[in-house]
Amino acid sequence: MSGDGSVRLQTFLAHCGVASRRASEQIIAQGRVTVNGAVVTELGTKVTAADTVCVDGEAVSLEETKRYVLLNKPAGYVCSQSDEKGRQVAVDLLKPAFRERLYNVGRLDMYSRGAIIFTNDGDFAATLSHPSAEIEKEYIVETSYPVPEGLAVQFMKGVRVAGIFYRAVRAEKLSSHRMRVVLIEGKNREIRRVFEHAGAAIRSLERVRIGTVRVDGLRAGEFRELSPDEVRGLLATCKN
């Protein structure tokens with residue numbers, strides 16, 4: 001923040017709980033933001049708390065209370081603020097309990113379930129979601145047919161699918177139909193693409209851990225706020 005209390009527009013939106021700074025930049029570029037009635041698409045624009053800032057015609061303001069919420073996302077929900085196809089949106093499960101605008105840190109695809117974090121803290125979101133943070137994410141994969149022999153070892157060595165290289169930090173076969181996979185980068189649909197490439201049809205995919213936080217004790221659709229120690233623990237594991 002500068003001496004006159006002004007901040008960059010994308011930072012202001014993040015502190016209002018609209019989205020992470022990176023996502024807020026996209027919202028600005030799309031022409032969805034107005035400042036004092038005028039559409040602004042310039043990322044370097046400075047604003048203060050005295051300015052009237054609107055996103056999609058709705059006024060936003062700085063939020064004093066920072067929220068950090070862990071949701072056990074059920075399968076069938078998408079991770080976005082809204083969905084033009086009319087699908088169920090994960091953040092809607094939180095709205096009855098929080099007045100703040102919360103957004104997801106990272107994603108789980110529609111058909112996957114498990115741990116996902118929501119926040120209105122743009123700095124926290126930016127730190128956790130940056131690739132250099134190298135936050136571990138742990139998944140339990142269940143297959144319709146027996147897991148192919150050697151898939152765990154192959155995944156840890158690295159697999160190239162359609163020109164994209166995928167590699168797990170750890171992979172362990174738990175039973176004939178179950179495997180534990182730990183990723184750091186987590187490219188789009190990485191586990192599904194590797195398993196499909198190996199001819200292993202996935203029956204269910206659940207994320208059970210993000211960094212130091214586990215989904216233990218939460219049933220599908222349930223959520224809880226992270227403790228201050230858990231928030232500090234997550235930030236402490238970031239390598240950026």
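## A tour starting from Asn120

Select Asn120 and show its side chain: one polar contact runs from this side chain to the backbone oxygen of Thr65, at 2.8 Å. Keep in mind as you go that this is a predicted model. Now bring up the backbone of Arg67, where the nitrogen is reached by the Asn120 side chain at 2.7 Å.

Where are you along the chain? Asn120 sits in the loop that links β11 (113-119) to α3 (122-129). Switch on a surface and look for the residue again. Asn120 has 0% relative accessibility, so it counts as buried.

Next, display what surrounds it. Leaving aside residues up to four places away in sequence, Asn120 touches Ala14, His15 and Gly17, then Glu63, Thr65, Lys66 and Arg67, and also Glu100, Arg101, Leu102 and Tyr103.

**Into the cores**

Which residues touch the most other members of the largest nonpolar core? Select Phe118, Phe155, Met179, Val181, Ile191 and Phe195; these are the ones, in a core of 34 residues. Nonpolar side chains tend to be buried together in soluble globular proteins.

Stay with Phe195 and show its contacts. Beyond residues up to four places away in sequence, Phe195 touches Val141, Thr143, Leu151, Phe155, Met179, Val181, Ala200 and Ile202. Then pick out Leu70, Leu128, Val213 and Leu226: they are among the 21 residues of another core, which lies apart from the largest one.

**Out to a loop**

Now select Gly186, in the loop between β16 (178-183) and α5 (190-197). Is Gly186 buried, partly exposed or exposed? Its relative accessible area is 37%, so Gly186 is partly exposed. Try a distance from here to Ala200, the residue you met as a contact of Phe195. From C-alpha to C-alpha, Gly186 and Ala200 are 19 Å apart in space, with their positions 14 residues apart in sequence.

**Zooming out**

Finally, show the whole protein chain as a cartoon. You can look for six helices and 19 strands. Aligned to the principal axes, the C-alpha atoms fill a box of roughly 60 × 40 × 40 Å. The radius of gyration is 20 Å, which agrees with the value near 18 Å for a compact globule of 240 residues.

Colour by accessibility, and 45% of the 240 residues count as buried. The protein chain exposes about 12200 Å², of which carbon and sulfur atoms supply 48%. If you draw the contacts with a separation of 6 or more, 64% of them join residues 24 or more positions apart.

How values were computed. Residues numbered from 1 in each chain as written. Predicted model: local features only at pLDDT ≥ 70, side-chain atom pairs only at ≥ 80, totals over all residues. Heavy atoms only, no water. Helix = DSSP H or I, 4+ residues; strand = E, 2+ residues; numbered from the N terminus. Buried < 20%, exposed > 50% of the residue type's maximum accessible area, 1.4 Å probe, protein only. Polar contact = N/O pair within 3.5 Å; in protein donor to acceptor, adjacent residues only side chain to side chain. Contact = heavy atoms within 4.5 Å. Core = buried A, V, L, I, M, F, W, Y, C linked by side-chain atoms within 4.5 Å. Rg over C-alpha atoms; globule rule 2.2 N^0.38 Å. Areas by Shrake-Rupley, 256 points an atom, 1.4 Å probe, with all protein chains shown as cover.
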